[in-house]
Structure formats: C-alpha cells, structure tokens
Amino acid sequence: MADASAEPDRRLSARRLGVAFALLGVALVALVVWASVWLVPKTYAADTRKTDIEAVQTVARRVVTNFYSISYQSFDEDAQRVYADMSDKFKAQAVQQLGTNWKQTVVTNKLVSSAAVSACGVINIDTKSAEVMVTVRRTAQSAQVTTPSATWQSAQVQLTKVGGHWRVSGMGGLQ
C-alpha cells in the first residue's frame, strides 16, 4: 500500500520541479535582458571614455614632443610633424601666427632640440572635446648656447573630436 500512495506524491514532486525550472528559466531570461539593457550601455560608455582618454593623451604627448623636438637641419619635416595632429582651423591659425619667424629663428640660431614627456594628464574630457596638460624635459643647443641645456616645458593642449579622430584645436603655454 505504501507504494500506491507514494506514486501521486512523485508526480506532484515532478510537476513542482518542472515549474521551478520554468520559473528559474524566466528569471534567467529577465536577468539577461536587464543586464543587456542597463549594464551594456554603461560598460560601452566607460570603455569609450577610457579609449578617448588614452587617445587624447597620445595625441597631446605627440604634438608637444614634436613642437619641442626641432632642428634647423630638418625644420620643414619637423614642422609638418607638429602640424599633422592639428585641426584644419588651428593649423591655419598656427601657420599664420608662426609664419616664417619660427623657421627663421630656428635656422638662424642653428637650434637643435629634443624633448621627452615626463608627465601628462587629462584636465577635462567629454565626448567631443578634451584638455590635456603635458610636461616635457627639453634639451636644446644653438649657435649661442653650444653646450646642451635642459629645461622643463609645459603646454596645455585643447583637442576636438573630428570624424572619430582627436585633433589639436588649441595650445597654450608654449615657449
């Protein structure tokens, strides 16, 4: 008799187990939907921000290093490296402001200088613009100063995102 009365309990237990698995499946689907709707965009935004921070620092370091690494022997190529990361508008401004005076000063004084980044940090960043401070150790010599002389130089670099790429849109503190 004990076997006959236990049979309905087993069927009931199997049904309960089936319902429990179904509810667990629904809960799992709900969790996956919630994660994809809520977490994925936040993770993407965080990854994008991290990528943008790395990109603006790379561009700022490169343009400041190129600005302070210049030689009278290769001025035209050196200047093109400086201008390469600039937005079209800022490049036109820089060319106009620096004009031929920059080249004339470098060539006449037989200036040779190099720079290495010692510090770089993002001051401000959003999806379309950023501001970065870069400090370099510059070593220079010229016709007047024949022994290499080292100095610290800092520049504040403004960047704008143009067509998915960060371009320099302004610089301050250059000497």
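**Exercise 1. Classify Lys110 and examine its backbone.**

Lys110 is partly exposed, because its relative accessible area is 46%. The classes are buried under 20% relative accessible area, exposed over 50%, and partly exposed in between (1.4 Å probe, protein chains only). The model is predicted: local features need pLDDT of at least 70, side-chain atom pairs count only at pLDDT 80 or more, and totals for chains, interfaces and linings use all residues. Residues are numbered from 1 along each chain as its sequence is written, and side-chain values use heavy atoms, leaving out hydrogens and water.

Step 1: place the residue. Lys110 sits in the loop between α3 and β1. Helices (H or I, at least four residues) and strands (E, at least two) are DSSP runs, numbered from the N terminus.

Step 2: check phi. Lys110 is not a glycine, yet has a positive phi of about 50 degrees. Most residues other than glycine have a negative phi.

**Exercise 2. Find what Ser142 touches, and decide whether Ser142 is buried or exposed.**

Step 1: locate Ser142 in the loop between β2 and β3.

Step 2: read the accessibility. Ser142 counts as buried because its relative accessibility is 15%.

Step 3: list contacts (heavy atoms within 4.5 Å). Leaving out residues up to four places away in sequence, Ser142 touches Asn109, Lys110 and Leu111.

**Exercise 3. Determine which side of α2 is buried.**

Step 1: collect the buried residues of helix α2 (residues 75-84). They are Phe75, Asp78, Ala79, Val82 and Tyr83.

Step 2: take the arc, from the directions between helix axis and C-beta atoms. These residues cover an arc of only 135 degrees around the axis, so they lie on the same side of α2.

**Exercise 4. Describe the largest nonpolar core.**

Step 1: define the set. A nonpolar core joins buried Ala, Val, Leu, Ile, Met, Phe, Trp, Tyr and Cys residues through side-chain atoms within 4.5 Å.

Step 2: name the hubs. The core has 31 residues; Val64, Met86, Trp102, Val157, Leu159, Val168 and Met171 touch the most other members.

Step 3: trace the sources. At least two residues each come from α1, α2, α3 (88-108), β1 (112-125), β2 (129-141), β3 (149-162) and β4 (165-172). The largest share, seven residues, is from α1.

Step 4: inspect one hub. Val64 touches Val134, Val136, Ala155, Val157 and Met171, not counting residues up to four places away in sequence.

**Exercise 5. Locate Gly164 relative to Lys128.**

Step 1: Gly164 is in the loop between β3 and β4. Gly164 counts as exposed because its relative accessibility is 55%.

Step 2: Gly164 and Lys128 are 36 residues apart in sequence and 9.3 Å apart in space, C-alpha to C-alpha.
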